[in-house]
Amino acid sequence: MFCTRYLLNLQRDITKRMAAHNELGKWGEDMAVEYLRRKGLTILERDWHSGHRDIDIIAQEGDTIVFVEVKTRRNRLFADPEQAVDYRKIRKLSSAMNHYVKFRRLNNDLRFDIISVVGTGEGEPEIEHIEDVRLF
């Protein structure tokens, strides 16, 4: 009985944390979209998925298609958000970008950016935009 109750409480706690994490990530992406629009970029897609491939934001700046990975954190206590874009993530993003370009039959210049958003969802976030990140 105790074990079952403990496991149910643990499951509820995990579910609450995941919901809060997802809400923070959604807020971060909303802030990144607003930031990009203020810079004059046109948002083409958000949360584009194809199978296991996904891209947070696809935008256009002039003739260049810009693929954006957004990393959101409450603070910088453990690491900068952009440090979460490691080799494995870059490989997955490269595959997703390649698939998107073929799917849409694009012939534009391409760019990959990372936007880190630090905040709690209240007030103005701290936004850092790293443009033209090399994928290889």
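Which residues does Arg111 touch, not counting residues up to four places away in sequence? In this predicted model, the contacts of Arg111 are Leu41, Glu61, Thr64, Ile65, Val66, Phe67, Glu131 and Asp132. Arg111 sits in strand S4. Its relative accessible area is 11%, under the 20% cut-off, so Arg111 counts as buried. The side chain of Arg111 also makes a polar contact with the side chain of Glu61, at 2.7 Å. The surroundings of this residue are described below, starting from the overall fold.

The protein contains two helices and five strands. From the N terminus, the elements follow the order α-β-β-β-α-β-β. Of the 136 residues, 38% are buried. The exposed area of the protein is about 9,200 Å². Carbon and sulfur atoms supply 50% of that area. Contacts between residues at least 6 apart in sequence were also examined. Of these, 56% join residues at least 24 apart.

The five strands form an open sheet in the order S1-S2-S3-S4-S5, and the pairing is mixed. Strand S1 (42-50) and strand S5 (126-130) are the edge strands, each pairing on one side only. Direction ignored, neighbouring strands of the sheet are turned by 25° against each other on average. Helix H2, residues 87-104, packs on this sheet. H2 touches S1, S2, S3 and strand S4 (109-118). The direction of H2 makes about 60° with that of S2.

The pairings can be followed across the sheet. Strand S2 (residues 53-61) and strand S3 (residues 64-73) are antiparallel and share five bridges. Glu61 has Thr64 in S3 as its bridge partner. Glu61 and Thr64 are also both among the residues that Arg111 touches. S3 and S4 pair in the parallel sense, over ten bridges. Here Thr72 has Val117 of S4 as its bridge partner. S4 and S5 run antiparallel and are joined by five bridges. Val118 is bridged to Glu126 in S5.

Strand S4 thus takes part in a parallel pairing with S3 and an antiparallel pairing with S5. How many of the ten residues of S4 are buried? Eight are, so the strand is largely enclosed by the rest of the structure. In a regular strand, side chains alternate between the two faces of the sheet. H2 is among the elements in contact with S4. The segment after S5 also supplies contacts to the strand, as the description of Val133 shows.

Helix H2 has 18 residues. The distance from its first C-alpha to its last is 26 Å, close to the 26 Å expected at 1.5 Å a residue. Its buried residues are Lys89, Ile90, Leu93, Ser94, Ala96, Met97, Tyr100 and Val101. The cover over these buried residues includes S1, S2, S3 and S4.

Arg105 comes just after H2, in the loop between H2 and S4. Phi of Arg105 is near 55°, a positive value in a residue other than glycine. Is Arg105 buried or exposed? Its relative accessibility is 77%, over the 50% cut-off, so Arg105 counts as exposed. Arg111, in strand S4, is buried.

A positive phi is also found at Asp132, again near 55° in a residue other than glycine. Asp132 lies in the segment after S5. With a relative accessible area of 36%, Asp132 is partly exposed. Asp132 is one of the residues touched by Arg111.

Val133 belongs to the segment after S5 as well. This residue has a relative accessible area of 17%, so Val133 is buried under the 20% cut-off. Which residues does Val133 touch, not counting residues up to four places away in sequence? The contacts are Phe112 and Ile114. Val133 and Ile114 are 19 residues apart along the chain, and their C-alpha atoms are separated by 7.3 Å.

How values were computed:
Residues numbered from 1 in each chain as written. Predicted model: local features only at pLDDT ≥ 70, side-chain atom pairs only at ≥ 80, totals over all residues. Heavy atoms only, no water. Pairing = 2+ DSSP bridges. Helix = DSSP H or I, 4+ residues; strand = E, 2+ residues; numbered from the N terminus. Axes fitted to C-alpha atoms, helices over the stretch in contact; angles between N-to-C directions. Contact = heavy atoms within 4.5 Å. Buried < 20%, exposed > 50% of the residue type's maximum accessible area, 1.4 Å probe, protein only. Areas by Shrake-Rupley, 256 points an atom, 1.4 Å probe, with all protein chains shown as cover. Expected span 1.5 Å × (residues − 1). Polar contact = N/O pair within 3.5 Å; in protein donor to acceptor, adjacent residues only side chain to side chain.
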